[in-house]
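Reader: I am new to this structure. Show it to me, and let me ask how each label is earned.

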Amino acid sequence: MNNHNMPACVWKVEVLKWFLVSTVACCTCVGVVYIQWTHIWTLRAEMSAITQRFRPLETAWTETGICCDCAVFYGVSCYHRFPERRKHEDGRDKRDVTEQRKQRKRRQTERHTFLHLVPVSLQSYNDHDTTVLSWALGQSRGEGLQVSGDTVTVEAEGTYFIYSQVLYKDTTWLMGHVITKRLKGAETKLMKCLKSMPSNVSQPLNTCYTAGIYFLESGSTLQLSVPRKSAELILTAHATFMGLFSI
């Protein structure tokens, strides 16, 4: 449009409209910028407050250079930045480890309790037609088993592997021995071992070995006997023995 042909009043109106539109647009831009700046300032203030509050956790680094924010992920600790907490936690960790070791050692001792016996002497009982062996301690571990004379006492109940061997030099054609358990007046024959003796030699010798697994109650006793009075046996540690161990 040619401004020279436009009436003066119309031209003034157009200029005024252009001025108003420009002013509104400018104010709108300024308002948007102000709102954004205000929002950014608020966020910065909040971040600053958070940083001041959690600075120890955000800025603590481990010896490997991993920040505390990543400590949980990498499985490391930032307690080096907090000596009092570290001292307390270290003391508790040491106590826990010591207690765990004690418990593990106690369980291992209980689980591996054993007793190996070697012969000392014989005692013959004519009334019962029996010969009973007395024992001495060969090897042992734990306190769940005790030996006294011809009797083994079980103090820690559990499942045990029991074994025994006797070397005979008797001329009787059949020899053997019995392991008997006694508990509160009740008597149970746990194992029997029978062996035929050679008849074509001047000094017959033969061994009889037996073993088994049994549950033994606390307070029960074990005894090895030969069901024959005045039985002749070889009392050497490698030939005649008895033992048991927990499993």
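Reader: How many disulfides does a search of the whole structure find?

Author: One. Keep in mind that the model is predicted.

Reader: What makes the link of Cys193 and Cys208 a disulfide?

Author: The sulfur atoms of Cys193 and Cys208 are 1.6 Å apart. The cut-off is 2.5 Å, so the pair counts. The two cysteines sit in distant parts of the chain, 15 residues apart. Cys193 is in strand β7 (residues 186–196), and Cys208 is in strand β8 (residues 206–216). The link is left-handed, with -100° about the S-S bond. Cys193 and Cys208 are both buried.

Reader: How many helices and strands does the chain have?

Author: Three helices and 11 strands. Along the sequence, the pattern reads α-α-α-β-β-β-β-β-β-β-β-β-β-β. Of the 247 residues, 29% count as buried.

Reader: What makes Glu217 and Lys181 a salt bridge?

Author: The N to O distance is 3.1 Å. The limit is 4 Å, so the side chains of Glu217 and Lys181 qualify. This pair also links distant parts of the chain, 36 residues apart. Lys181 belongs to strand β6 (residues 174–183). The structure holds three salt bridges.

Reader: Why is Lys181 called buried, and why is Glu217 called partly exposed?

Author: Lys181 has 12% relative accessibility. Buried means under 20%, so Lys181 is buried. Glu217 has 24%. That value lies between 20% and 50%, so Glu217 is partly exposed.

Reader: Which residues do salt bridges with shared partners join into one network?

Author: Start with the two bridges. Glu187 meets Arg182 at 3.0 Å, N to O. Lys189 meets Glu187 at 3.5 Å, N to O. Both distances are within 4 Å, so both pairs count as salt bridges. Shared partners join Arg182, Glu187 and Lys189 into one network.

Reader: How do you know that Arg182, Glu187 and Lys189 are partly exposed?

Author: Arg182 has 33% relative accessibility. Glu187 has 48%. Lys189 has 47%. These values lie between 20% and 50%, so the three residues are partly exposed.

Reader: How many aromatic pairs are there?

Author: The count comes to three. In one of them, the rings of Phe161 and Tyr163 have their centres 6.4 Å apart.

Reader: Why is the pair of Phe161 and Tyr163 called tilted?

Author: First, the centres must lie within 6.5 Å, and 6.4 Å passes, so the rings pair. Next, the planes are at 35°. Stacked needs under 30 degrees and edge-to-face needs over 60, so this pair is tilted. Ring pairs link Phe161, Tyr163, Phe241 and Phe245 into a cluster.

Reader: Is Tyr163 buried or exposed, and what is Phe161?

Author: Tyr163 has 14% relative accessibility, which is under 20%, so Tyr163 is buried. Phe161 has 24%, between the two cut-offs, so Phe161 is partly exposed.

Reader: What makes Tyr34 exposed?

Author: Its relative accessibility is 56%. Exposed means over 50%, so Tyr34 earns the label. Tyr34 is in helix α1 (residues 8–59).

Reader: Which residues make a nonpolar surface patch with Tyr34?

Author: Ile35, Trp37 and Trp41. With Tyr34, they make a patch of about 570 Å². The chain exposes about 17200 Å², and carbon and sulfur atoms supply 56% of that area.

Conventions: Residues numbered from 1 in each chain as written. Predicted model: local features only at pLDDT ≥ 70, side-chain atom pairs only at ≥ 80, totals over all residues. Heavy atoms only, no water. Patch = residues over 30% accessible without salt bridge, like charges linked within 9 Å, V, L, I, M, F, W, Y side chains within 5 Å. Areas by Shrake-Rupley, 256 points an atom, 1.4 Å probe, with all protein chains shown as cover. Helix = DSSP H or I, 4+ residues; strand = E, 2+ residues; numbered from the N terminus. Buried < 20%, exposed > 50% of the residue type's maximum accessible area, 1.4 Å probe, protein only. Phe/Tyr/Trp six-rings, centres within 6.5 Å; stacked < 30°, edge-to-face > 60°.
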